[in-house]
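Me: I've just opened this one and I'd like to talk it through. Please start with the outside.

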Amino acid sequence: NDGAVMEAWAKDQGVEGSMITFLADTRSELTEALDLVLNAPVLGNPRCQRFAIVVEDGVIKKLNVAGGDIPDEATFVEAILEEL
């Protein structure tokens, strides 16, 4: 999503002032670096697979990617919190 969408989503979720940061990846730089590009030409521009990531001091502590045998629910906040 673009920056405006992410800003609106963060506002809707009430995360201002918390430890959560919503980031846009408009040029797919992070998506490509994580090798999470979704191969779906019908969607137009490159998209990102559904994932949840926990990063602490620049180090990936947890990465759940939905797809195949991994359900979307594995990327929900409840699942991530249980695994921390």
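Me: Which strands each supply at least two residues of the nonpolar patch?

Reply: Those are β3 (51-56) and β4 (59-65); helices and strands here are DSSP runs (H or I, at least four residues; E, at least two), numbered from the N terminus. Before we go on, this is a predicted model, where local features need pLDDT of at least 70, side-chain atom pairs count only at pLDDT 80 or more, and totals for chains, interfaces and linings use all residues. Residues are numbered from 1 along each chain as its sequence is written, and side-chain values use heavy atoms, with hydrogens and water left out.

Me: Which residues form that patch on the surface?

Reply: I53, V55, I60 and L63, with about 300 Å² of accessible area together (Shrake-Rupley method, 1.4 Å probe, only the protein chains shown as cover for residues). A patch takes residues with over 30% relative accessible area and no salt bridge, joining nonpolar side chains (Val, Leu, Ile, Met, Phe, Trp, Tyr) within 5 Å and like charges within 9 Å.

Me: Where does V55 lie? And why does it count as partly exposed?

Reply: V55 is in strand β3. It counts as partly exposed because its relative accessibility is 48% (buried is under 20%, exposed over 50%, partly exposed in between, with a 1.4 Å probe and protein chains only).

Me: Switching to charges, how many salt bridges does the structure hold?

Reply: There are 2 of them (a side-chain nitrogen of Lys or Arg within 4 Å of a carboxyl oxygen of Asp or Glu). In one, the side chains of E83 and K62 meet at 2.6 Å, N to O.

Me: Which parts does that pair tie together?

Reply: E83 lies in helix α3 (residues 77-83) and K62 in strand β4, so the bridge links parts 21 residues apart in sequence. E83 is partly exposed at 40% relative accessibility, and K62 is partly exposed too, at 25%.

Me: Which side chains meet at 3.2 Å?

Reply: R27 and E29, also N to O, in a salt bridge. R27 is exposed, with a relative accessible area of 61%, while E29 is partly exposed at 48%.

Me: On to pockets. How much space lies in the largest one?

Reply: About 1900 Å³, as the space filled by probe spheres set on grid points joined across faces, edges and corners. A pocket is an open set of points on a 1 Å grid over the protein atoms alone where a 1.4 Å probe fits, with protein on both sides within 12 Å along at least five of seven lines; lining residues have an atom within 4 Å of a point.

Me: Which elements give two or more residues to its lining?

Reply: α1 (3-13), α2 (29-33), β2 (47-48), β3 and α3. The largest share, 6 residues, comes from β3.

Me: Which residues lie nearest the centre of this pocket?

Reply: M6, W9, F51, A52 and I53, out of 36 lining residues.

Me: How does the lining split by class?

Reply: It has 22 nonpolar, 9 polar and 5 charged residues (Ala, Val, Leu, Ile, Met, Phe, Trp, Tyr, Cys and Pro are nonpolar; Asp, Glu, Lys and Arg charged; the others, Gly among them, polar).

Me: Zooming out, in what order do the elements run?

Reply: From the N terminus they go α-α-β-β-β-β-α, with 3 helices and 4 strands in the chain. Its C-alpha trace spans about 35 × 30 × 25 Å along the principal axes, and 17% of the 84 residues count as buried.

Me: Last one: where is the place of G67?

Reply: In the loop between β4 and α3. The C-alpha atoms of G67 and S18 are separated by 29 Å, and the two residues are 49 apart along the chain.
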